Amino acid sequence: MEYQAVLDIKDFVDLSGFNKQDVSLIKKACAFASTAHESQKRLSGEPFIIHPLHVAGMLFEMGFDAEVIAAGLLHDTVEDTGITLENLKRQFGQEISNLVDGVTKISRIRSENIKQRQAENIRKMLFSMVNDIRIILIKLTDKLHNMRTLEYLEKGKAQRIAKETLDIYAPLAGRLGMARFKIELEDLSLKYMNPGFYNDLKSYVTQRKEVREKYIEKVKLILQKEFAKYNIKAKIMGRAKHFYSIYKKMKDKEKTFDEIFDLFAIRIIAGTVKECYEIMGVVHKLWIPFRGRFKDYVAVPKSNMYRSLHTTVIGPEGKTLEVQIRTHKMNMIAEEGISAHWAYKEGKKNLSGIEKELTWLRKLKMWKENMDNPTAFMEDLQKELLEDEIYVFTPKGDVIELPIDSTPIDFAYRIHTEIGNHCFGAMVNDRISPLRNSLHSCDVIEILTSKNATPGREWLDVIKTSHARHKIRAFFSKHETKEETHKQRDQTTKDTPRAEKKEDRSVKEKDYQDEFKLRVEGEKNVQMYLAQCCNPHPGDEITGYITRGKGITVHRANCKNLKAIKDYQKRKITVEWEEKTTKVYSVDIVSKDRSGLLMEITTAIANTNANIVELHMKASQDGLVKAAFRIQIKSSYQLKLFLKDIKAIPDVKSIDFR
């Protein structure tokens, strides 16, 4: 087609389906954009207006309304010409002006750091998308057309744009369920980032095409024959893996071309949800399914609204066969994602409903409240929002979507900030699980909380979600001032002279509860209560029992009352006395000299689990003996026990320690 023949919107859009007002708006936008870009050309030599016309045409094909098509025509006017947003607003109104602004780069950025500029612009676009999701759809369409014509750019710049597309825009398309966009963006990125591999793969696929088609045809005939028995009418088609997915699988799993192409894939389109499950039964009756490879995204849709049944079986000739089963509407949403709502005439009128379905968009709204640093935003975006996800359940059956390798801590903060701040443990699938363990899809998680439990700083090293990270940091930031005040008060108290207290008073539970901390399976700051029935002491072998809403009760391991607790085996947990930093004390004991004295002193030391570092004894002519010790003591409680036992030894006259 000659350039001169395609400078009008009529060559890209059939305006017959629009009313007069919409036709007038689209034509006005086309004329305005043509005038604004009149003197500009693309690197290919084409008039610049070709690009906005293609973008508008693609938006039309996806079923968008006149305002979005107009914004597609105008999307480069503010960024690449002298047109201002105010000018655009006067000509086309606030709605279209906002759409164009959302996809317009920030012109005031003058940073030499390319990554900084990229972060600022992507952050602006995504936060604009929170207010109107159509912005990202226009941007993705713009990006796809630019990627289709990337060959005219200098090699280094083309590769940089391809990497940005692969890192940001292709995953964004995936998050919005736009598989068709995602696949093409990934394949085009691979074409410029690794042209050698891309060309080899393209050649290999062409060579294997006949083999693949022949096998898929065989599978189709077997299935159609079986479907006829059950009066099932369904469409069966081969599903070729796209280039980037092959590349990634070869790289991640170190497989060859031949190994990858031993996998065949089909997609079955059914009439109803009921038929989807019936077809799954037929497939599993025909061929043996791989254990753990059945996934039901119909009952539990992905966060991008994707719904389908997946299974992998040992198909004809012993070859691995991947099968997807879905309805026509599911298939359209799987291919087009959020844009399918416009095709179903649900778009502009049902934006709020769409946004409720997209848990990813809800997370982005939470980020808007907490994320001011563009560079940190990009890091968290790539770590969390653009990675694969898992789907886990609350005890009530609510589905929670989290990034892969998320922990119960991430889950707790996703439920509610206070649940995260007061969690001390978790039960995963009715079994105790350490807070740092990774969760998996379909896990059922119950978070155990106590009003006295608080976050541990070590949580920041294991959590996966930025939401949890922000909340934990906010907790510590809020409590830093309080902690500093407490430290100052404690120091003042420490420096103030106090009256001497009697040292051979009885040692009660509160003495070692203050001095010793317990930890549960590696976690600290967990509220635990010492059981009164068996009164465990430091050094005793202990076990924990999780009470609902009250933390952990700690018993001696041999406590007889444990047998009477109905669900003890289900809710028991490993607890231990936390190791303390030892201090070395010098102790001088003066006693009447007699037989067996040294044995009684060393026995007293051993009974308190102290460690003798050095020992000297010297007898005097007046019948007294002086014992000089250096011992390691773990806490003041241990010191109290030691002093109590030493003073109880007959004939001891005095004790001095420092």
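1. Aromatics to start with. This is a predicted model, and the structure holds eight aromatic pairs. Take F32 and F92: their ring centres sit 5.3 Å apart with the planes at 90°, so this pair is edge-to-face. F32 belongs to helix α1 (residues 20-36) and F92 to helix α5 (residues 85-92), so the pair ties together parts that are 60 residues apart in sequence. Both partners are buried: F32 has a relative accessible area of 17%, and F92 comes in at 10%.

2. Another pair worth a look is Y198 with F243. It is edge-to-face too, with 5.3 Å from centre to centre and 70° between the planes. Y198 is in helix α11 (residues 195-229) and F243 is in helix α12 (residues 243-253), so here the pair ties together parts that are 45 residues apart in sequence. Y198 counts as buried at 12% relative accessibility, and F243 is buried as well, at 14%. While you are in that part of the sequence, also pick out F197, Y244 and Y247, which form one aromatic cluster.

3. On to strand β5 (residues 309-314). How many of its six residues are buried? Five are, so the strand is largely enclosed by the rest of the structure. Its pairing is a good thing to trace on screen. Strand β3 (residues 288-289) runs antiparallel to β5 and is joined to it by two bridges, with P289 having V313 as its bridge partner. Strand β4 (residues 295-296) is also antiparallel to β5, again through two bridges; there, D296 is partnered by L309.

4. Still with β5: strand β6 (residues 320-327) pairs with it in the antiparallel sense, over six bridges. I314 of β5 is opposite T320 of β6. The two strands make a hairpin with five residues between them, and E317 in that hairpin has a positive phi near 65°. If you go through the backbone angles, that is one to check by eye.

5. Strand β20 (residues 624-633) is a nice case of two faces. Which residues are on the covered one? They are V625, A627, F629, I631 and I633, while L624, K626, A628, R630 and Q632 make up the uncovered face. Strand β18 (residues 583-592) pairs with β20 in the antiparallel sense over 10 bridges, and V584 has Q632 as its bridge partner in β20.

6. Strand β19 (residues 611-619) pairs with β20 as well, antiparallel and over eight bridges. In this pairing, E614 stands opposite R630, a residue of the uncovered face of β20. β19 and β20 form a hairpin with four residues between the strands, where G623 takes a positive phi near 85°.

7. A small point about T465, which is found in the loop between β11 (445-449) and α22 (466-495). Buried or exposed? T465 is buried, with a relative accessible area of 1%. A polar atom of the T465 side chain lies 3.3 Å from the backbone nitrogen of A468, so have a look at that contact within the 3.5 Å limit.

8. Cysteines next. The count of disulfides is zero. C533 and C559 are the ones I would look at: the cysteine sulfur closest to that of C533 is in C559, 3.6 Å away, which is too far for a bond, given a cut-off of 2.5 Å. C533 is partly exposed, at 44% relative accessibility. C276, by contrast, is buried, with a relative accessible area of 0%.

9. Last, confidence. The mean pLDDT of the protein is 80, and 79% of its residues reach 70 or more. Over residues 495-503, though, the pLDDT is below 50, and beyond near neighbours in sequence this stretch has two contacts in the model. Residues 505-515 are also below 50 in pLDDT, but that stretch has 23 contacts beyond near neighbours in sequence.

Definitions and conventions
Residues are numbered from 1 along each chain as its sequence is written. Side-chain values use heavy atoms; hydrogens and water are left out. Buried means under 20% relative accessible area, exposed over 50%, partly exposed in between (1.4 Å probe, protein chains only). Two strands pair if DSSP finds at least two bridges between them. A polar contact is a pair of N or O atoms within 3.5 Å; within protein, one must be able to donate a hydrogen and the other to accept it, and residues adjacent in sequence count only if both atoms are side-chain atoms. pLDDT is the predictor's confidence in each residue, from 0 to 100. Contact means heavy atoms within 4.5 Å. Rings of Phe, Tyr and Trp (its six-membered ring) pair if their centres lie within 6.5 Å; planes under 30 degrees apart count as stacked, over 60 as edge-to-face and the rest as tilted.
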